[in-house]
Amino acid sequence: MPTIPDAKPFHYEFGIDHVALVCIDMQRDFCQAGGFAESLGDDLSKLQPCIPVIAKLQEAFRKAELPIIHTKECHKPDFSDLPTAKRNRGNPKLKIGDVGPMGRILIDGEPGADFIPECYPQEWELVISKPGKDTFYNTEFDDYLKMRKITHLIITGVTTEVCVQTTMRCANDRGYDCVLVEDGTDSFFPEFKEMTLKALVAQGGIVGWTATSDQVLKSLE
Ligand code: C5J
């Protein structure tokens, strides 16, 4: 059975037919200039280190013919899945739905809500459009995982303490065993990333595990 012996807080095992790579919100609106994050005043350079790491994990999962699930945080063009409170939060220069340099901010189908080229899904991979921070909320995620008998999730993406952490906590509550890839996630706030990585594995792995991308890649050899 594939094992990550040095995962934190202790070794992690998964059945090769029951594991998926989850790539959270590797979108132009978060990672590139002219998008949502920049309109909130965030420093985009903070999200760049995890990009080649996620690309490498995607390559390895594809080579091993293992499933990859991509999420994108976005809303319907008519705002029917966008709470007014979310639209107004943060007083951004460009609100969700406003027209920016990459089309309407965080609206499904617009260039900004699409994936960055480095982490772009293959056409046979599942893409989940999610209106919330939690990938389970109002999506087909849980049905898909159950249908494919996936019980173990290797989680990557941005941002660590928002959509990534929220999804991992909600997966844990549903019984999935999750590993967050330490160098496969980033935050605009490095101190939040550091605390999140510690908090998830505290108390004997109260939310799950963390491991480096090298450790994950080794487990697939
Ligand atoms: C945020 C996310 N930070 N993908 N979304 O608004 O973490």
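Which loop holds T159? In this predicted model, T159 sits in the loop between β8 and α6. A good way into the structure is to start from the sheet that contains β8, and then to return to this loop and to the ligand.

The sheet is open and has six strands, in the order β7-β4-β3-β8-β9-β10, with parallel pairing. Its edges are formed by β7 (126-130) and β10 (209-211), each of which pairs on one side only. On average, and with direction ignored, neighbouring strands of the sheet are turned by 25° against each other.

Within the sheet, β3 is a convenient reference strand. On one side β3 pairs with β8 in the parallel sense over six bridges, and in this pairing C23 has T156 of β8 as its bridge partner. β3 also pairs with β4, again in the parallel sense, over four bridges; here V22 is matched with I69 of β4. How many of the residues of β3 are buried? Six of its six residues are, and the strand is mostly covered. In a regular strand, side chains alternate between the two faces of the sheet. In β3, V19, L21 and C23 point one way, while A20, V22 and I24 point the other way, and all are buried.

Moving along the sheet, β8 (residues 152-158) meets β9 (residues 177-186) in a parallel pairing of six bridges. L153 has C178 as its bridge partner in β9, and V158 stands opposite D186 of that strand. β9 is largely enclosed by the rest of the structure, because eight of its 10 residues are buried.

Two helices can be described by the way they meet these strands. Helix α6 (residues 160-173) packs on the sheet and touches β3, β4, β8 and β9, with a direction that makes about 170° with that of β9. Helix α3 (residues 50-63) lies across β3 (19-24), β4 (68-73), β8 and β9, and runs at about 135° to β9.

The strands also supply residues to the nonpolar interior. In soluble globular proteins, nonpolar side chains tend to be buried together. Here the largest nonpolar core has 54 residues, of which V22, I154, I155, C178 and V179 touch the most other members. The strand that gives the most to this core is β3, with six residues. What does I154 contact, once its neighbours within four places in sequence are left aside? Its partners are V19, L21, V22, V179, V181 and V216.

With the sheet in place, the ligand can be considered. The residues around the ligand are D25, F30, E73, V158, T159, V162 and C163. By class, this shell has four nonpolar, one polar and two charged residues. Two members of the shell, V158 and T159, are joined by a cis peptide bond, with omega of about -10°. This brings the description back to the loop between β8 and α6, where T159 lies. Another shell residue, D25, has a positive phi of about 55° although it is not a glycine. D25 belongs to the loop between β3 and α1 (28-31). Is D25 buried or exposed? D25 counts as buried because 26 other C-beta atoms lie within 10 Å, against a threshold of 20 or more.

A few further backbone features deserve a look. A second cis peptide bond joins K8 and P9, with omega of about 5°; P9 is found in the loop between β1 (3-4) and β2 (12-13). L106, a residue other than glycine, has a positive phi near 50°. This leucine lies in the loop between β6 (103-104) and β7, and L106 is buried because it has 29 C-beta neighbours inside 10 Å.

Finally, L145 is found in helix α5 (residues 141-147). With 23 other C-beta atoms within 10 Å, L145 is buried. L145 and G204 are 59 residues apart in sequence, and their C-alpha atoms are 25 Å apart in space.

Note on methods: Residues are numbered from 1 along each chain as its sequence is written. This is a predicted model: local features need pLDDT of at least 70, side-chain atom pairs count only at pLDDT 80 or more; totals for chains, interfaces and linings use all residues. Two strands pair if DSSP finds at least two bridges between them. Axes are lines fitted to C-alpha atoms, for helices over the stretch in contact, and angles run from 0 to 180 degrees between N-to-C directions. Two residues are in contact if their C-beta atoms, placed from the backbone, lie within 7 Å. A residue is near a molecule or strand if its C-beta atom, placed from the backbone, lies within 6 Å of it. Ala, Val, Leu, Ile, Met, Phe, Trp, Tyr, Cys and Pro count as nonpolar, Asp, Glu, Lys and Arg as charged, and the others, Gly among them, as polar. A nonpolar core is a set of buried Ala, Val, Leu, Ile, Met, Phe, Trp, Tyr and Cys residues joined through C-beta atoms within 7 Å. A residue is buried if 20 or more other C-beta atoms lie within 10 Å of its own, exposed if 12 or fewer, and partly exposed in between; C-beta atoms are placed from the backbone.
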